[in-house]
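Student: Could you take me through one part of this model up close? I'd like the salt bridges, and what sits around them.

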Amino acid sequence: MSSLAFSLSARANVATRLKAPVQQQRRGAAVVSKAKPASTKRDVTVMAADVGKMSFAGESAGTATLDLKIARPEVAKGLVHKYVVMVRQNARRGTASTLTKAEVRGGGRKPFKQKGTGNARAGSTRTPLKPGGGVIFGPKPKDWSIKMNKKERRLAMATALQSCAEDMIVVDDLSDKVTTPKTKAFATALKSWGVAEGQKVYLITKDASENITLSTRNMEKVVQSDIKHLNVYDVLNADKVVVEEAALQYINDFYSAGGGAWA
């Protein structure tokens with residue numbers, strides 16, 4: 001998951017479309033019967049994935065189930081990509097601005113007479129051809145935001161979450177375990193959960209305490225987010241997705257086939 005290249009077929013065991021070669025007829029040759037294309041088989045539903053579950057101390061606690069409604073295989077990659085583009089583009093502030101020749105201060109007087117100096121004629125020192133002049137076709141403040149249907153966004157998020165099941169770790173609820181805001185202690189906990197040094201981690205919590213926020217905000221490779229403010233880019237960009245047990249229950253309830261996301 002270090003790369004943003006999204007491959008649902010590799011992570012969710014989705015069968016690809018099969019194409020059977022068709023025998024072509026040559027001009028002037030006898031009529032040859034065409035071979036019938038092989039029947040196309042495609043998984044239209046994805047089986048629930050088992051996710052490893054661990055205690056806060058790093059001991060195995062069995063498995064949990066991740067069962068979400070996801071996009072069809074033929075549209076999943078494009079749908080998730082569309083959502084990632086929307087999220088990244090909407091994050092642009094669009095405040096870049098430059099001054100045109102008319103907006104630059106000064107330059108109202110002709111710098112020298114039209115003829116007799118040997119110089120190229122000039123009417124202003126603020127011409128874009130000179131240093132300190134205006135900028136031709138420079139950027140101006142702009143709204144870069146784009147829109148996407150709500151159910152499309154939710155389906156893309158569910159597809160991205162289901163795709164990272166093999167890199168997901170479910171842990172006990174952290175609010176009772178993390179009693180003090182200690183970055184070093186939380187780094188030790190991540191290591192006990194199987195997160196290697198240097199790996200990017202996306203921590204998904206539900207109603208996390210301030211101690212968890214303070215413990216993770218200074219960690220370069222860790223992004224902590226509440227379940228109601230998920231970011232699809234962070235999901236796909238992470239090497240490991242650590243989910244609280246309560247947050248996983250919320251994800252299954254909300255993004256399942258009959259969940260509230262599709263109401």
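Tutor: Here is a walk through the salt bridges, followed by a look at one helix. Keep in mind that this is a predicted model, where local features need pLDDT of at least 70 and side-chain atom pairs count only at pLDDT 80 or more, while totals for chains, interfaces and linings use all residues. Residues are numbered from 1 along each chain as its sequence is written, and side-chain values use heavy atoms, with hydrogens and water left out.

Side chains of opposite charge can pair when their charged atoms come close. The structure holds 5 salt bridges, a salt bridge being a side-chain nitrogen of Lys or Arg within 4 Å of a carboxyl oxygen of Asp or Glu. One of them joins Glu245 to Lys53, with 2.6 Å between the closest N and O atoms. Glu245 belongs to helix α7 (residues 245–255) and Lys53 to strand β1 (residues 49–54), so this pair ties together parts that are 192 residues apart in sequence. Helices (H or I, at least four residues) and strands (E, at least two) are DSSP runs here, numbered from the N terminus. Lys53 counts as buried because its relative accessibility is 17%, whereas Glu245, at 35%, is partly exposed. The cut-offs: buried means under 20% relative accessible area, exposed over 50%, and partly exposed in between (1.4 Å probe, protein chains only).

Next, Lys140 bridges to Glu103, with the closest N and O atoms 2.8 Å apart. Both Lys140 and Glu103 lie in the loop between α2 and α3, so the pair ties together parts that are 37 residues apart in sequence. Lys140 is partly exposed at 36% relative accessibility, and so is Glu103 at 41%. Arg105 is in the loop between α2 (73–90) and α3 (150–163) too, but Arg105 counts as exposed, at 78%. From Arg105 to Gly134 the C-alpha distance is 9.4 Å, with their positions 29 residues apart in sequence.

Another salt bridge pairs Arg72 with Glu74 (3.0 Å, N to O). Glu74 is partly exposed, with a relative accessible area of 40%.

Now for the helix. In α4 (residues 183–192), the buried residues include Phe186, Ala189 and Leu190. They sit on the same side of α4 because they cover an arc of only 100° around the axis, taken from the directions from the helix axis to the C-beta atoms. The other side of α4 has Lys184, Thr188 and Lys191 exposed. Among the elements covering the buried residues of α4 are β4 (201–205), α5 (210–216) and β5 (222–226), where contact means heavy atoms within 4.5 Å. Just after α4, Gly194 has a positive phi of about 100°.
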